[in-house]
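Let's take a walk through this structure together. Open it in your viewer and follow along from the ligand outwards.

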Amino acid sequence: MIIKSIQLHNFRNYEDLSIDFTEGTNILYGENAQGKTNILEAANLSSTTKSHKGSKDKEMIRFGQEEAHIKTIIEKKQTLYEIDLHLKKQKNKGIALNRIPLKKASEIYGILNLIFFFSGGFIHYQKRSGGTPEIYGRGIMPDG
Ligand SMILES: Nc1ncnc2c1ncn2[C@@H]1O[C@H](COP(=O)(O)OP(=O)(O)OP(=O)(O)O)[C@@H](O)[C@H]1O
Ligand SMILES: [Mg+2]
């Protein structure tokens, strides 16, 4: 299975991004805060419908926008799959597989098989609780 491409619209810091991947190893590199992890987060969303950081949908929508879209094309056993996610501020996300809307998020499971390694991420500063750090899940070490 390979991820052939990811397209982002109003997702995190990306107004529009279209990225094609090649077979084998793909390396994303860049300065801090340029959006590398955001691309991985989009891949994780396409696999699990959830953010690896535990972010809510509305937090992943580009600042000042109402909706975000992620389109991921996967090739598996010579078959192409298109996963579309539509993140909304006030409503549940829309999920479509090969342009057919799905009723349950779980129907997407197993299409994009992903192993996600990351450091930190689960250290999350809860603004609502006065900036106290709270640790969720399986973070290994903080990355600031
Ligand atoms: N909802 C949002 N709207 C707009 N920009 C956002 C949103 N959420 C996060 N960002 C921006 O995304 C950027 C961080 O992206 P990301 O964490 O992917 O960077 P990175 O390249 O992985 O950095 P590092 O090398 O430090 O890990 C920051 O500039 C942040 O302001
Ligand atoms: Mg990062």
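**From the ligand shell to the hairpins**

Around ligand 1, the shell is made up of four nonpolar, seven polar and four charged residues. Please keep in mind as we go that this is a predicted model.

Which residues come nearest to ligand 1? Of the 15 residues around it, these are Asn13, Asn32, Lys36, Thr37 and Asn38. Now colour the helices. Both helix H1, spanning 36-48, and helix H2, spanning 57-60, supply at least two residues each to the shell. The most generous element is H1, which gives three residues to the shell around ligand 1.

From here, let's turn to the core. The largest nonpolar core holds 15 residues, and Leu8, Phe11, Ala42, Ala68, Ile70 and Leu85 are the ones with the most contacts inside it. Strand E1 (2-11), H1, E3 and E4 are the elements that give two or more residues to this core. H1 is thus worth a second look: it appears here among the contributors to the core, and it also gives the most to the shell around ligand 1.

Phe11 is a good residue to centre the view on. Setting aside neighbours within four places in sequence, Phe11 is in contact with Asn38, Ala42, Met60, Arg62, Ala68 and Ile70. One of these partners, Asn38, is also among the residues that come nearest to ligand 1.

Next, follow the chain to the loop between H2 and strand E3 (67-76), where you will find Gln65. Is Gln65 buried or partly exposed? It counts as partly exposed because it has 13 C-beta neighbours inside 10 Å, while a buried residue would need 20 or more. Gln65 also makes a nice distance check: its C-alpha atom is separated by 9.5 Å from that of Glu15, although the two residues are 50 apart along the chain.

Finally, let's look at the later strands. Strand E4 (residues 79-88) and strand E5 (residues 94-97) run antiparallel and are joined by four bridges. Five residues form the hairpin connection from E4 to E5. To see the pairing in detail, pick Ile83, whose bridge partner in E5 is Leu97.

E5 has another partner to show you. Two bridges join E5 to strand E6 (residues 100-101), and this pair runs antiparallel. Here Ala96 has Pro101 in E6 as its bridge partner. The hairpin of E5 and E6 has two residues between the strands, and in this hairpin Asn98 takes a positive phi near 50 degrees.

Definitions and conventions:
Residues are numbered from 1 along each chain as its sequence is written. Chains are lettered from A and ligands numbered from 1 in the order in which they are written. This is a predicted model: local features need pLDDT of at least 70, side-chain atom pairs count only at pLDDT 80 or more; totals for chains, interfaces and linings use all residues. A residue is near a molecule or strand if its C-beta atom, placed from the backbone, lies within 6 Å of it. Ala, Val, Leu, Ile, Met, Phe, Trp, Tyr, Cys and Pro count as nonpolar, Asp, Glu, Lys and Arg as charged, and the others, Gly among them, as polar. A residue is buried if 20 or more other C-beta atoms lie within 10 Å of its own, exposed if 12 or fewer, and partly exposed in between; C-beta atoms are placed from the backbone. Two strands pair if DSSP finds at least two bridges between them. A nonpolar core is a set of buried Ala, Val, Leu, Ile, Met, Phe, Trp, Tyr and Cys residues joined through C-beta atoms within 7 Å. Two residues are in contact if their C-beta atoms, placed from the backbone, lie within 7 Å.
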